[in-house]
Amino acid sequence: MKSQLFETLFSKGFLVQRPSETKLGPLGVLMKHNVVNEWIRSSVNGVANVMMLEDETNVKPVLPVPSGFGIYREVREGKEDPADKKRNNWPLDGVRQNAVMRIEFFCPNRALLEWSQFWMRKRIRWWKKFSIAPLHFTSSDISTNEKEPTIQYQFPWGAELIERMDVGKSGKEGEKIVLRTDLLRVLQVLCIESFKEATAPAAAATFRLDPRVAPMKVAILMENEEYELVTVGEKLAADFRREGLFTVTHRQPVSEFDHWDLVGVPMVVVLDGACLQNGILHVRNRDARILSPVHLSHVHDHVMRYFRVYFNKTII
């Protein structure tokens with residue numbers, strides 16, 4: 001799997017190789033941005049009394065919060081992981097510029113166990129919601145009073161820690177819980193989890209990225225450059241972009257889907273010459289790999305219904 005995954009990440013723009021280092025490419029940056037949004041949606045917007053800061057300014061709760069309050073920061077740091085050699089250079093091990101999502105959550109002594117359990121449940125559920133193999137994730141038992149509860153993932157080379165929660169004192173009567181999520185580690189897990197290699201000569205590899213983190217959401221393919229066909233395609237793309245879906249348009253033979261499967265695009269809309277006469281387009285779901293005929297007037301609702309299943313789920 002490793003060689004096919006490496007080839008995909010570099011050839012499709014998830015990673016780029018510079019003379020002295022590996023960096024995230026255009027699709028890698030988009031994917032990272034989506035992961036950050038999902039992390040904030042869950043751990044900041046989805047929790048009362050967690051505030052966002054850009055620096056190390058000390059703050060106090062805006063309102064009296066007897067039960068607990070948190071501070072979120074995104075910390076940028078270099079990445080030097082001695083485990084890289086053990087992993088034998090798996091994707092993203094060579095990327096050195098990293099960002100860490102960090103929350104410091106303060107609570108009274110009496111509420112420490114309750115909040116520790118709350119945050120561990122929330123974090124393990126966040127990892128699992130993007131996964132097609134949730135049993136690969138395991139977490140510590142908070143009830144044992146462990147000071148550094150962890151979340152581990154079963155990589156192809158063995159189980160490794162992917163997230164740690166530090167628990168410690170904060171003043172005479174307070175406790176502090178520190179959550180740190182390594183963004184590159186998230187991207188690495190998502191790439192390894194989602195990539196399905198070609199297992200037969202006639203089969204094609206697929207990047208089954210969760211639609212919430214996939215860098216591109218919709219691709220609109222047009223069979224030719226006929227003005228009316230292009231106008232319809234661009235109008236559909238503009239509609240999806242207004243809905244917040246990163247959408248691309250492309251002119252190519254409508255039977256060639258391998259490229260879009262390898263960049264993880266969940267939905268492909270196909271326009272051929274016949275659609276100008278009968279109004280029928282075809283929509284392809286990446287995972288089902290089935291072309292479904294849909295009338296032009298229903299395409300928007302058909303595609304949005306698919307994405308709302310993911311984006312309208314309860315925040316976890």
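In which sense do strand 12 and strand 13 pair, and over how many bridges? They run parallel, with five bridges between strand 12 and strand 13. That pair belongs to a predicted model of a 316-residue protein in which 49% of the residues count as buried. There are nine helices and 16 strands to find your way around. If you look at contacts between residues at least 6 apart in sequence, 62% of them join residues at least 24 apart.

**The five-stranded sheet**

- Let's start with the layout: five strands make an open sheet with mixed pairing, in the order 13-12-14-15-16.
- Strand 13 (247-251) and strand 16 (290-295) sit at the edges, each pairing on one side only.
- Going from one strand to the next, the twist averages 25°.
- As a reminder, strands of a sheet pair through backbone hydrogen bonds, either parallel or antiparallel.
- Strand 12 (residues 218-222) also pairs with strand 14 (residues 267-271), again in the parallel sense and over five bridges.
- To line up the register, match Val218 with its bridge partner Thr247 in strand 13, and put Leu221 opposite Val270 in strand 14.

**Strand 12 up close**

- Five of the five residues of strand 12 are buried, so this strand is largely enclosed by the rest of the structure.
- Val218, Ile220 and Met222 point one way, while Ala219 and Leu221 point the other way, and all are buried.

**Helices on the sheet**

- Helix 6 (residues 227-242) packs on the sheet, where it touches strand 12, strand 13, strand 14 and strand 15 (280-285).
- The direction of helix 6 makes about 165° with that of strand 13.
- Helix 9 (residues 299-311) lies across strand 12, strand 14, strand 15 and strand 16.
- Relative to strand 14, helix 9 runs at about 165°.

**Helix 2 against helix 4**

- Helix 2 (residues 26-43) and helix 4 (residues 112-129) pack at about 145°, and their axes are 11 Å apart.
- The crossing of helix 2 past helix 4 is right-handed.
- On the helix 2 side, the residues that meet helix 4 are Val35, Glu38, Trp39, Arg41, Ser42 and Ser43.
- Their counterparts in helix 4 are Trp119, Lys122, Arg123, Trp126 and Lys129.

**Helix 5**

- Helix 5 is mostly covered, with 12 of its 12 residues buried.
- Among those buried residues are some with polar or charged side chains to click on, including Arg185, Gln188 and Glu193.
- Does the length add up, or what span should you expect for helix 5 (residues 183-194)? At 1.5 Å a residue its 12 residues should span 16 Å, and the end C-alpha atoms are 16 Å apart, which agrees.
- Asp182 caps the N-terminal end of helix 5, with a side-chain oxygen 2.9 Å from the backbone nitrogen of Leu184.

**Two loop residues to look at**

- Glu197 is in the loop between strand 10 (195-196) and strand 11 (206-207).
- With a relative accessible area of 34%, Glu197 is partly exposed.
- Glu197 and Lys2 are 195 residues apart in sequence, yet their C-alpha atoms are 9.1 Å apart in space.
- Arg289 lies in the loop between strand 15 and strand 16, and its relative accessibility of 38% makes Arg289 partly exposed too.
- Check the backbone of Arg289: phi is near 55°, a positive value in a residue other than glycine.
- For context, most residues other than glycine have a negative phi.

Definitions and conventions: Residues numbered from 1 in each chain as written. Predicted model: local features only at pLDDT ≥ 70, side-chain atom pairs only at ≥ 80, totals over all residues. Heavy atoms only, no water. Helix = DSSP H or I, 4+ residues; strand = E, 2+ residues; numbered from the N terminus. Expected span 1.5 Å × (residues − 1). Buried < 20%, exposed > 50% of the residue type's maximum accessible area, 1.4 Å probe, protein only. Polar contact = N/O pair within 3.5 Å; in protein donor to acceptor, adjacent residues only side chain to side chain. Pairing = 2+ DSSP bridges. Axes fitted to C-alpha atoms, helices over the stretch in contact; angles between N-to-C directions. Contact = heavy atoms within 4.5 Å. Left-handed = near helix turned anticlockwise from the far one by under 90°.
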